[in-house]
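I opened my notebook with a short list of things to look up. The entries below follow the order in which I went through them.

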Amino acid sequence: MYTQHKKLSFEFFPTRTEEGRAKQVITRKQLSQFNPTFFSCTSGAGGTTRAGTLQTVQDILNEGIAAAPHLPCIGLLPEEIIELLNEYKTMGVRHLVALRGDIPSGSGMGFDAQGLHYANELVELVKTEFGDTFHIEVAAYPEYHPQARSATDDLNNFVRKVKAGADSAITQYFFNADAYFRFVDDVQGYGVDIPIVPGIMPIDSFSKLMRFSDMCGAEIPRWLRLKLQSYADDTASIKALALDVVTEMCERLLREGAPSLHFYTLNQAGLVSTICQRLGY
Ligand code: FAD
């Protein structure tokens, strides 16, 4: 069965309180039963969650699991990035998610002429300064990045990151498996052969999903949007439908060639665990 050899990874965001941190330890313990390749932790652009991300990464390492910090380069100078990477290296981190990041609105932060502007430049910097110390993941957008000038331009920019030295990629979430398979075919046409791992979003709230999707450019198919909307505040029905839709999509992704799955857990184990169990993990 395909789930026996296809691994999983899970993403968290740093918590702000000790209570949140303690809850996250329990969530990770529940998800560690699925024998993940790594747990990743997001990071705010410009180092805005630096302490929280470092703490979460240390917690994960203390639990004996590989940790992959996300590293958005926007708003940081190259020397600040190198300093942070040295800290990660000393902690024992060997896996990174290298990103451009988004400038937080109202932060006053802008493009710094001396800073890095795109993720391919970050991958280049990591390779130049640290060689093969880190396994580098980059982001991929099967439905294209919201700021992309065109689909072709975005594909070329993705290929640029791979040529700079990315080892694998994690996609933005999507609910249309065809977009993923088309993207993989397209980049293979450019000679890209790194694993491109689907990022999976479990749906637990219609309003949250709409908010996220507006920001990141992920399309919610009309039939799914209308159906979820029709459930209004009936969270049980929303979760039941979401579980079916997301599990069926994951089954197809694995069956038709996705190398593994990466779950956006939103710091919750419940829905993700159910999906993994239904998939046979
Ligand atoms: P890039 O690959 O640099 O692309 C950004 C845009 O610029 C695209 O439109 C691309 O076509 C264009 N472009 C790329 N290179 C060039 C170039 N050389 N010249 C001209 N145009 C170019 N954000 C966070 O802040 N923190 C996180 O922890 C985080 N984690 C994420 C994890 C995953 C798996 C994903 C998919 C996204 C994550 N994000 C995170 C969001 C991400 O930072 C945003 O989507 C951001 O807008 C783009 O980052 P990127 O690394 O994909 O950028």
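**Entry 1: Asp59 and its partners**

Is Asp59 buried or exposed? I note first that the model is a predicted one. I found Asp59 buried, because its relative accessible area is 9%, under the 20% that sets the limit for that label. Its place is in helix α2, which runs over residues 50-62.

Which residues does Asp59 touch, once neighbours within four places in sequence are left aside? I got Arg21 and Arg28. With Arg21 there is also a polar contact of 2.9 Å, side chain to side chain.

**Entry 2: Glu63, further along**

I then moved on to Glu63, which sits in the loop between α2 and β3 (67-72). I logged Glu63 as partly exposed, because its relative accessible area is 33%, and that label covers values between 20% and 50%.

Which residues are in contact with Glu63, again without neighbours within four places? They are Val25 and Arg28. Arg28 thus turns up in the contacts of Asp59 and in those of Glu63. The side chains of Glu63 and Arg28 make a polar contact at 2.8 Å. For Val25 I looked up the C-alpha separation from Glu63: 8.8 Å in space, with their places 38 residues apart in sequence.

**Entry 3: the chain as a whole**

Time to step back. I counted ten helices and eight strands in the chain. The radius of gyration is 18 Å, close to the 19 Å from the globule rule for 281 residues, so I can call the chain as compact as a globular protein of that length. Along the principal axes, the C-alpha atoms fill a box of roughly 50 × 45 × 45 Å.

How much of the chain is made up of buried residues? I noted 49% of the 281 residues. I also checked how far apart in sequence the contacting residues are. Of the contacts between residues at least 6 apart, 80% join residues at least 24 apart.

**Entry 4: the largest pocket**

On to empty space, and a reminder to myself: rolling a probe the size of a water molecule over the atoms shows where such space is left.

The largest pocket holds about 1900 Å³. Its lining takes in 49 residues, and nearest the centre are Leu99, Gly101, Asp102, Tyr141 and Gln172. Which element gives the largest share of that lining? I found helix α5 (residues 151-163), with six residues. By type, I sorted the lining into 27 nonpolar, 14 polar and eight charged residues.

**Entry 5: the second largest pocket**

For the second largest pocket I wrote down a volume of about 190 Å³. It is lined by 16 residues, and Thr37, Phe38, Glu137, Val197 and Ser260 are the closest to its centre. Four strands, β1 (8-12), β5 (135-140), β6 (168-173) and β8 (261-264), each contribute at least two lining residues. The split by type is seven nonpolar, seven polar and two charged.

**Entry 6: positive phi values**

I also looked up backbone angles. Tyr144 has a phi near 75 degrees, which is positive although the residue is not glycine. Tyr144 belongs to the loop between β5 and α5, and I marked Tyr144 as partly exposed because its relative accessibility is 25%.

Ala232 is another non-glycine residue with positive phi, near 45 degrees. Its loop runs between α8 (222-230) and α9 (235-255). Is Ala232 buried or exposed? Ala232 is exposed, because its relative accessible area of 52% is over the 50% cut-off.

**Entry 7: two residues far along the chain from their partners**

Gly270 is part of helix α10 (residues 270-278) and counts as partly exposed at 47% relative accessibility. I paired Gly270 with Leu31: they are 239 residues apart along the chain, yet their C-alpha atoms are separated by 9.2 Å.

Glu129, in helix α4 (residues 119-130), is partly exposed too, with a relative accessible area of 43%. What separates the C-alpha atoms of Glu129 and Gln277? I noted 41 Å, for two residues 148 apart along the chain.

Conventions: Residues are numbered from 1 along each chain as its sequence is written. This is a predicted model: local features need pLDDT of at least 70, side-chain atom pairs count only at pLDDT 80 or more; totals for chains, interfaces and linings use all residues. Side-chain values use heavy atoms; hydrogens and water are left out. Buried means under 20% relative accessible area, exposed over 50%, partly exposed in between (1.4 Å probe, protein chains only). A polar contact is a pair of N or O atoms within 3.5 Å; within protein, one must be able to donate a hydrogen and the other to accept it, and residues adjacent in sequence count only if both atoms are side-chain atoms. Contact means heavy atoms within 4.5 Å. On a 1 Å grid over the protein atoms alone, a cavity is a set of points where a 1.4 Å probe fits but cannot get out, and a pocket is an open set with protein on both sides within 12 Å along at least five of seven lines; lining residues have an atom within 4 Å of a point. Grid points are joined across faces, edges and corners, and a volume is the space filled by probe spheres set on the points. Ala, Val, Leu, Ile, Met, Phe, Trp, Tyr, Cys and Pro count as nonpolar, Asp, Glu, Lys and Arg as charged, and the others, Gly among them, as polar. The radius of gyration is taken over C-alpha atoms; the globule rule is 2.2 Å times the number of residues to the power 0.38.
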